[in-house]
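Thanks for coming, everyone. Please take a look at the sequence and the model before I begin.

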Amino acid sequence: MQRPPRRVLLVPLLSRDPHTTESPRWSEQPARTLEAFYRNRFNANVTQLRDVWSWTDYFQQVDQIVRHSPPFDRVMFISHGGFDGPVLKNAVFWQNFKVTGNKGELVQLSEAQPGLENELSITYDVEKNRVFSNYMVTRWPELAPMKSSDILRQLKGLEKQIQPLDNACFQLYCSPERLATSPEEQRGYRLELCEQVCREPLFDQKTSVEISPERFFHFTKSLSSLVTADGLIFFGSCNPGSAAPEKALEPDKTELLINSTLGGGPHKSYVHLISAVTDRLTAGPIGQSSADDIVNRIIMFETGRPQRNLCIVAPSGAK
């Protein structure tokens, strides 16, 4: 990089996790610190994206910026992350419900990371239970904001209320006589299991994750549009600069992007992948990082101080 940064874009990604006490807006504090740093140190013009809860939010704001603003010297993401890049809520971006003959089907596509497409499908026989069929017809839009595990729990709860129990099956496995032969601490679990097994299922729910080159290149195209040819893309999160694990991966695991053939892969890290595709200088921490770590690494980088655990990848054509 031949000149100091004059235009900086900060992208704090917001995450609402009900299972932690962490503020969903935690990434905004390091963004404020970095905004002050770039203005005071370089007199830079700093822009910050607001209320990015999903990748749809990101793309909508970026589309406006690209139309009305020149590219930036720095684009900085601050977020949770993994080996396959920054993470947001696994938000649904497409869904379809249809009934064809006796088959009802709901399909949802969602993504937590650009390019990793999660598919959820629910299929059922519309003639099997009219109450369940009516529920799906009228209530399926309400399932979009829910996690797949919560959808399964909700539909199984409904199934338990409206689908009759197979008494012959229940008596065979969970009669008082059979329960008496089980240890007392296992009887509750066994009863719950019989409630599920001895009830003919009303639906089939499946989930899968696949690489979506179209979604991935949509994201990298946005990065190329935002960053000058000699600028920097920085991913402030855990692991974007970490080496890809050398292991056989199951279809539902992460690290799918960096172990794919995208951008001439597989790649050593997510930073390597993004640099190869965008033809931009790209950097990110190696290993886990706190909000303070992210700020310190960026400041040390911009002030020319040496540091460990920061991966910096130059485009293949750079001299």
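I will go through the cysteines, then the rings, and then some backbone details.

This is a predicted model, in which local features need pLDDT of at least 70 and side-chain atom pairs count only at pLDDT 80 or more, while totals for chains, interfaces and linings use all residues. Residues are numbered from 1 along each chain as its sequence is written, and side-chain values use heavy atoms, with hydrogens and water left out.

Let me start with the cysteines. If we call a disulfide a pair of cysteine sulfur atoms within 2.5 Å, the count comes to two. One joins Cys 169 to Cys 198, with 2.0 Å from S to S, and its torsion about the S-S bond is about -65 degrees, so this disulfide is left-handed. Cys 169 belongs to helix 5 and Cys 198 to the loop between helix 7 and strand 9, so the bond ties together parts 29 residues apart in sequence; helices (H or I, at least four residues) and strands (E, at least two) are DSSP runs, numbered from the N terminus. Cys 169 and Cys 198 are both buried, where buried means under 20% relative accessible area, exposed over 50%, and partly exposed in between, with a 1.4 Å probe and protein chains only.

The other disulfide joins Cys 174 to Cys 194, and with a torsion of about 80 degrees it is right-handed. It links helix 5 to helix 7, across 20 residues. In sequence order of the bonded cysteines, the pairing is 1-4, 2-3.

And why is Cys 311 not bonded to Cys 238? Because the sulfur of Cys 311 is 15 Å from that of Cys 238, its closest cysteine sulfur, which is too far for a bond.

Turning to the rings, there are 15 aromatic pairs, counted when ring centres of Phe, Tyr or Trp (its six-membered ring) lie within 6.5 Å, with planes under 30 degrees apart called stacked, over 60 edge-to-face and the rest tilted. Among them, Phe 37 and Phe 42 are edge-to-face, at 5.8 Å between centres and 90 degrees between planes. Ring pairs also link a cluster that includes Trp 55, Tyr 58 and Tyr 270.

Finally, the backbone. Most residues other than glycine have a negative phi, and most peptide bonds are trans. Here, a cis peptide bond joins Gly 265 and Pro 266, with omega about 10 degrees, and Pro 266 sits in the loop between strand 10 and helix 9. Asp 279 has a positive phi of about 60 degrees and is partly exposed, at 42% relative accessible area.
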